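Hi there,

Here is the structure I promised to pass on. Please have a look at it first, and then read my notes underneath.

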Amino acid sequence: QTFTAETSGLLQSIVVRGTGEEGTVVTGSLRLGDATIQSFTCTVSGSVWTASLDNDSQVLDILSATRQNGHVVLTTTEPHGLEAGELIRIDGAASFSLNGQWVLTDTTETTLTILLDIEPKLGSGVVSASKEIGEGQVYTLAIDAVDGVSVYRALRFRETVGQLTAD
């Protein structure tokens, strides 16, 4: 199911309608293209289930930023726990084209790789795991198949009001 963001910001929860055995755990993700914005779990309870989302953006301490084969590789001071396909956000970098939201193309325990062919100058830039949605962007809600559970649709995404609308 696809959705278009009405505004930019952080999502607090996803409301899903479906059927299944009470107490069954359902997992899924909110995606922008191939990038995962949020993963979530919810428990079947009646016909409407709510999944709360973790919106704490992890700020990453960067040791270095280097150019390697058409990519920028950021080395963190500690393990970051992110995976290829997730989003990061860079703000305040000395290389202005480095600023913005990026899909990770590769990761190791302490590196993050994005597709950008520049000589990076991070300066006092801040790198964080990004969980924001952007106004006008089209997102996909993917729910993992679970035996005995049928999902009809996501009713709405919300912050204080509906932020995404079904296409």
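Below is what I found, going from the whole chain down to single residues.

Before anything else, this is a predicted model, so local features need pLDDT of at least 70 and side-chain atom pairs count only at pLDDT 80 or more, while totals for chains, interfaces and linings use all residues. Residues are numbered from 1 along each chain as its sequence is written, and side-chain values use heavy atoms, with hydrogens and water left out.

**Overall picture**

The protein has 18 strands and 0 helices; both are DSSP runs numbered from the N terminus, with helices being H or I of at least four residues and strands E of at least two. Of its 167 residues, 41% count as buried (under 20% relative accessible area; exposed is over 50% and partly exposed in between, with a 1.4 Å probe and protein chains only). Among contacts with a separation of 6 or more, 69% are between residues 24 or more positions apart; a contact means heavy atoms within 4.5 Å.

The average pLDDT is 80, and 88% of the residues score at least 70 (pLDDT is the predictor's confidence in each residue, from 0 to 100). Residues 156-167 have a pLDDT below 50, although this stretch has 49 contacts in the model beyond near neighbours in sequence. Where pLDDT is low, the predicted coordinates should not be read in detail.

**First sheet, and two residues to look at**

One open sheet has 4 strands in the order β7-β14-β10-β11, with antiparallel pairing; two strands pair if DSSP finds at least two bridges between them. Strands β7 (59-60) and β11 (100-103) stand at the edges with a single partner strand each, so one side of each is left without a neighbour in the sheet. The antiparallel strands β7 and β14 (residues 126-129) are joined by 2 bridges, and V59 stands opposite S128.

Q101 sits in strand β11 and is partly exposed, at 33% relative accessible area. Leaving out residues up to four places away in sequence, Q101 touches L87, I88, R89, S130 and E132. Q101 and S130 are 29 residues apart in sequence, with their C-alpha atoms 7.3 Å apart.

S95 is in the loop between β10 (87-91) and β11. Is S95 buried or exposed? S95 is buried, with a relative accessible area of 11%. Neighbours within four places aside, S95 is in contact with I118, E119, P120 and K121.

**Second sheet and its loop**

Another open sheet of 4 strands follows the order β8-β9-β13-β12, and the pairing is antiparallel here too. Its edges are β8 and β12 (106-107), each with a single partner strand, so one side of each is left without a neighbour in the sheet. Strand β9 runs antiparallel to β13 (residues 111-114) and is joined to β13 by 4 bridges; V73 has T113 as its bridge partner.

The loop between β8 (62-68) and β9 (71-76) holds G70, and N69 is found there as well. N69 has a positive phi, near 50 degrees, in a residue other than glycine. Most residues other than glycine have a negative phi. N69 is exposed, with a relative accessible area of 78%. G70 touches L115, L116 and D117, not counting residues up to four places away in sequence. From G70 to I114 the C-alpha distance is 9.0 Å, across 44 residues in sequence.

**A hairpin and the largest pocket**

Strands β4 (residues 25-32) and β5 (residues 35-43) pair in the antiparallel sense over 8 bridges, and F40 is the bridge partner of G28. Their hairpin has 2 residues between the strands, and G33 takes a positive phi near 60 degrees.

The largest pocket holds about 180 Å³ of space. On a 1 Å grid over the protein atoms alone, a pocket is an open set of points with protein on both sides within 12 Å along at least five of seven lines, and lining residues have an atom within 4 Å of a point. Grid points are joined across faces, edges and corners, and the volume is the space filled by probe spheres set on the points.

Of the 13 lining residues, I37, Q38, S39, E86 and K131 are the closest to the pocket's centre. Strand β5 gives the largest share of the lining, 4 residues. The lining divides into 5 nonpolar, 5 polar and 3 charged residues (nonpolar: Ala, Val, Leu, Ile, Met, Phe, Trp, Tyr, Cys and Pro; charged: Asp, Glu, Lys and Arg; polar: the others, Gly among them).

Best wishes

Definitions and conventions: On a 1 Å grid over the protein atoms alone, a cavity is a set of points where a 1.4 Å probe fits but cannot get out, and a pocket is an open set with protein on both sides within 12 Å along at least five of seven lines; lining residues have an atom within 4 Å of a point.
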